[in-house]
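Me: I've got this one open and want a quick walk through it. Can you take my questions as they come?

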Amino acid sequence: MKYKIYKDNNPIMRKRSLPVEMPLSKEDRDTLDFMLNYLIKSQDEEYAQKHNVRAGVGIAAIQIGILKRMFAIYYQKGEDEIVQYQLVNPKIIETSIKKCALENGEGCLSVDEEHPGLVHRYYKIKLAAFDALTNKDVIITATGFDAVVLQHEYDHLDGKFFYDHINTNNPTQVLPNEEII
């Protein structure tokens with residue numbers, strides 16, 4: 001399987017992804033495996049340099065041209081915890097009033113230009129999905145960085161980018177009751 005990362009100027013990136021038929025097809029499982037493996041390899045400095053890829057912590061199917069509601073996430077958290085999912089048909093079912101933003105902004109494998117500013121997200125979310133990695137329906141409660149990553153990928157499923165959340169009039173404005181991470 002050989003895919004390319006679609007950039008934000010490609011019209012497909014603004015489309016709403018379609019629900020994935022369950023049970024998962026072999027093709028959808030293979031796509032999810034490709035996406036997870038891509039993330040793992042992208043975080044290996046030697047591999048990333050050799051293949052000219054940027055490190056990513058999440059990738060949605062739409063970013064490789066597949067209009068399906070699924071994404072993969074992979075990153076190391078602390079010394080001994082790895083966060084990894086292959087989420088299918090995710091739905092955010094609960095959000096906090098409190099907001100958060102990453103101090104240095106967000107990046108995206110599909111976005112080459114810099115978009116400085118705070119990307120306002122919910123500090124805490126609850127997300128329901130099928131996780132192909134564990135082959136189970138899951139409900140994930142996430143806060144802080146974990147919640148930001150999930151919301152970033154979830155946005156792709158609805159044709160949105162992180163920079164759509166930046167206040168163009170005041171990009172560094174901190175909202176009341178917002179935690180800067």
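Me: Which residue is the bridge partner of Glu94 in β6?
Reply: Lys126 is the partner of Glu94 there. Bear in mind that this is a predicted model.

Me: How many bridges join β3 to β6, and do they run parallel or antiparallel?
Reply: There are 6 bridges, and the two strands run antiparallel.

Me: What about β2 and β3, how many bridges there?
Reply: 8 bridges join β2 to β3, which covers residues 81–95. That pair is antiparallel too.

Me: Which residues in β3 are the bridge partners of Met70 and Phe71?
Reply: Met70 pairs with Val88. Phe71 pairs with Leu87.

Me: And the turn of that hairpin, how many residues sit between the strands?
Reply: 3 residues lie between β2 and β3. Gly78 takes a positive phi there, near 70°.

Me: Where does β1 come in, and how many bridges join it to β2?
Reply: β1 is residues 58–60, and 3 bridges join it to β2. They run antiparallel. Ile59 of β1 stands opposite Ala72 in β2.

Me: Why is β2 described as largely enclosed?
Reply: The strand spans residues 70–77, and 6 of its 8 residues are buried, so the rest of the structure largely encloses β2.

Me: Take Tyr74. Is it buried or exposed?
Reply: Tyr74 is in strand β2. Its relative accessibility is 14%, so Tyr74 counts as buried, the cut-off being under 20%.

Me: What does Tyr74 touch, leaving out sequence neighbours up to four places away?
Reply: Tyr74 touches Leu36, Leu39, Ile40, Gln43, Gly56, Val57, Ile82, Val83 and Gln84.

Me: How far is Tyr74 from Cys100?
Reply: Their C-alpha atoms are separated by 21 Å. Along the chain, Tyr74 and Cys100 are 26 residues apart.

Me: Switching to packing. How many residues has the largest nonpolar core, and which have the most contacts inside it?
Reply: That core has 27 residues. Those with the most contacts inside it are Phe71, Ile73, Leu87, Leu127, Ile140, Leu150 and Phe162.

Me: Which elements give two or more residues to this core?
Reply: β2, β3, β6 (124–131), β7 (136–143) and α3 (144–157) do. The most comes from α3, with 5 residues.

Me: Leu87 keeps turning up. What is it in contact with, apart from neighbours within four places in sequence?
Reply: Leu87 is in contact with Leu32, Arg69, Met70, Phe71, Leu127, Ala129, Phe130, Asp131, Val138, Ile140 and Leu150.

Me: How many residues are in the second core?
Reply: The second core is separate and has 22 residues. Val20, Leu36, Leu39 and Leu109 are among them.

Me: What's the general rule behind cores like these?
Reply: Nonpolar side chains tend to be buried together in soluble globular proteins.

Me: OK, helices. How far does α1 reach, and what span is expected?
Reply: Helix α1 runs over residues 26–42, which makes 17 residues. From first C-alpha to last, α1 reaches 24 Å, close to the 24 Å expected at 1.5 Å a residue.

Me: Which residues of α1 are buried, and what do they pack against?
Reply: The buried residues of α1 are Asp28, Thr31, Leu32, Phe34, Met35, Leu36, Tyr38, Leu39 and Ser42. They pack against α2 (45–51), β1, β2 and β3.

Me: Now the open sheet. What is the strand order?
Reply: The 3 strands go β5-β4-β8, with mixed pairing. β5 (121–122) and β8 (178–180) are the edge strands, each pairing on one side only.

Me: How do β4 and β5 pair, parallel or antiparallel?
Reply: Antiparallel, with 2 bridges joining β4 (residues 99–101) to β5. Lys99 stands opposite Tyr122 in β5.

Me: Pockets next. How much space lies in the largest one?
Reply: About 540 Å³. It is lined by 30 residues, and the closest to its centre are Gly105, Glu106, Gly107, Cys108 and His152.

Me: Which element gives the most to that lining?
Reply: α3 does, with 5 residues.

Me: Last one. Where is Lys4, and is it buried or exposed?
Reply: Lys4 is in the segment before α1. Lys4 is exposed, with a relative accessible area of 55%.

Me: What does Lys4 touch, not counting residues up to four places away in sequence?
Reply: Lys4 touches Gln63 and Ile64. Lys4 and Gly65 are 8.1 Å apart, C-alpha to C-alpha, with their positions 61 residues apart in sequence as the separation.

Conventions. Residues are numbered from 1 along each chain as its sequence is written. This is a predicted model: local features need pLDDT of at least 70, side-chain atom pairs count only at pLDDT 80 or more; totals for chains, interfaces and linings use all residues. Side-chain values use heavy atoms; hydrogens and water are left out. Buried means under 20% relative accessible area, exposed over 50%, partly exposed in between (1.4 Å probe, protein chains only). Helices (H or I, at least four residues) and strands (E, at least two) are DSSP runs, numbered from the N terminus. Two strands pair if DSSP finds at least two bridges between them. A nonpolar core is a set of buried Ala, Val, Leu, Ile, Met, Phe, Trp, Tyr and Cys residues joined through side-chain atoms within 4.5 Å. Contact means heavy atoms within 4.5 Å. The expected span of a helix is 1.5 Å times one less than its number of residues. On a 1 Å grid over the protein atoms alone, a cavity is a set of points where a 1.4 Å probe fits but cannot get out, and a pocket is an open set with protein on both sides within 12 Å along at least five of seven lines; lining residues have an atom within 4 Å of a point. Grid points are joined across faces, edges and corners, and a volume is the space filled by probe spheres set on the points.
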